[in-house]
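Here is a briefing on one chain, arranged by topic. Keep the viewer open while reading.

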Amino acid sequence: MRCQDCNKFVAFDDGNVDDVEVELDEDAGTVTITGRVVLPCAECGAELKELSVDETVEVADEFNDVLAVLTDAAPVGLKKTVTPEWVDKHVTVKYEFDGDPDTEFHERAQTTVKVPIKKKGKVIGHKERKIKSARYMKTYKGVRVSGTVKRTIEVADPEFPVTASDDTADFDHTVEEQSSAFEELT
Ligand SMILES: [Zn+2]
């Protein structure tokens, strides 16, 4: 596109993801990815386009069910103690990042297209076909966020011998859009 600063047609430099924030709701185990991915001018670095990012990843879903974890951990005589009501009353579940999440610029060229397979005029499935001409290839850009979330389960029942348990789950989430869909800043 045309850069106002350079006053000529320019290519994009690698995207900048410094304005992308990754936060974790420590009660719900939900990761929120917000901010913007900026495409700068390859010649002068002026900001040319941006993509607004606002997505959530339910990392809590990656963990085993709390009820099942505590039932497993309970001694034989106490397994029946572990009910949803008991969990509500005595158990605290907290989530935190295990190390800082990674945030990096993501770029992908689509090299195949899905084409329909037809039989007697009806679509019966799809197959992948390689795109031969660069003109028809689509380029997607955005941000890739990955990290590890640690879950801690605390039990506050003096009758229950297991008091804490923790586990971790990895997440890897990509937000991408065709660069033509990014918003122009100039
Ligand atoms: Zn420029």
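In strand 5, Glu47 is the bridge partner of Pro40. The model is predicted. The points below start from the hairpins around that pair, then move to the sheet, the core and the chain as a whole.

**Strands 4 and 5**
- Strand 4 and strand 5 run antiparallel to each other, paired over 11 bridges.
- Together, strand 4 and strand 5 make a hairpin, and six residues separate them.
- Gly45 sits in the turn of this hairpin and has a positive phi of about 85 degrees.
- Ile33 has Glu55 of strand 5 opposite.

**Strands 3 and 4**
- Strand 3 and strand 4 also pair in the antiparallel sense, over six bridges.
- A hairpin joins strand 3 and strand 4, with four residues between them.
- In the turn of this hairpin, Gly29 has a positive phi of about 75 degrees.
- Two residue pairs help place the strands: Glu21 has Thr34 of strand 4 as its bridge partner, and Asp25 stands opposite Thr30 of strand 4.

**The open sheet**
- Strands of a sheet pair through backbone hydrogen bonds, in either a parallel or an antiparallel sense.
- Here, four strands make up an open sheet. Their order is 3-4-5-12, and the pairing is antiparallel.
- Strand 3 and strand 12 (183–184) are the edge strands, and each pairs on one side only.

**Two faces of strand 3**
- Which residues of strand 3 lie on its covered face, and which on its uncovered one? Val20, Val22 and Leu24 form the covered face. Glu21, Glu23 and Asp25 form the uncovered face.
- Glu21 and Asp25, both on the uncovered face, have partners in strand 4: Thr34 for Glu21 and Thr30 for Asp25.

**Nonpolar core**
- The largest nonpolar core has 22 residues. Val20, Val22, Val31, Ile33, Val37, Val53 and Val143 touch the most other members.
- Strand 3 (20–25), strand 4 (30–40), strand 5 (47–58) and strand 10 (138–155) each provide at least two residues of this core.
- Which strand gives the most to this core? Strand 4 does, with five residues.
- Val22 lies on the covered face of strand 3. Setting aside neighbours within four places in sequence, Val22 is in contact with Val31, Ile33, Pro101, Thr103 and Val145.

**The chain as a whole**
- The chain holds two helices and 12 strands.
- Along the sequence, the pattern is β-β-β-β-β-α-α-β-β-β-β-β-β-β.
- The radius of gyration of the chain is 24 Å, well over the 16 Å given by the globule rule for 186 residues, so the chain is more spread out than a compact globule.
- Along the principal axes, the C-alpha atoms of the chain fill a box of roughly 75 × 55 × 20 Å.
- Of the 186 residues in the chain, 19% are buried.
- Among contacts in the chain with a separation of 6 or more, 67% are between residues 24 or more positions apart.

Conventions:
Residues numbered from 1 in each chain as written. Predicted model: local features only at pLDDT ≥ 70, side-chain atom pairs only at ≥ 80, totals over all residues. Core = buried A, V, L, I, M, F, W, Y, C linked by C-beta atoms within 7 Å. Buried ≥ 20, exposed ≤ 12 C-beta atoms within 10 Å, placed from the backbone. Contact = placed C-beta atoms within 7 Å. Pairing = 2+ DSSP bridges. Rg over C-alpha atoms; globule rule 2.2 N^0.38 Å.
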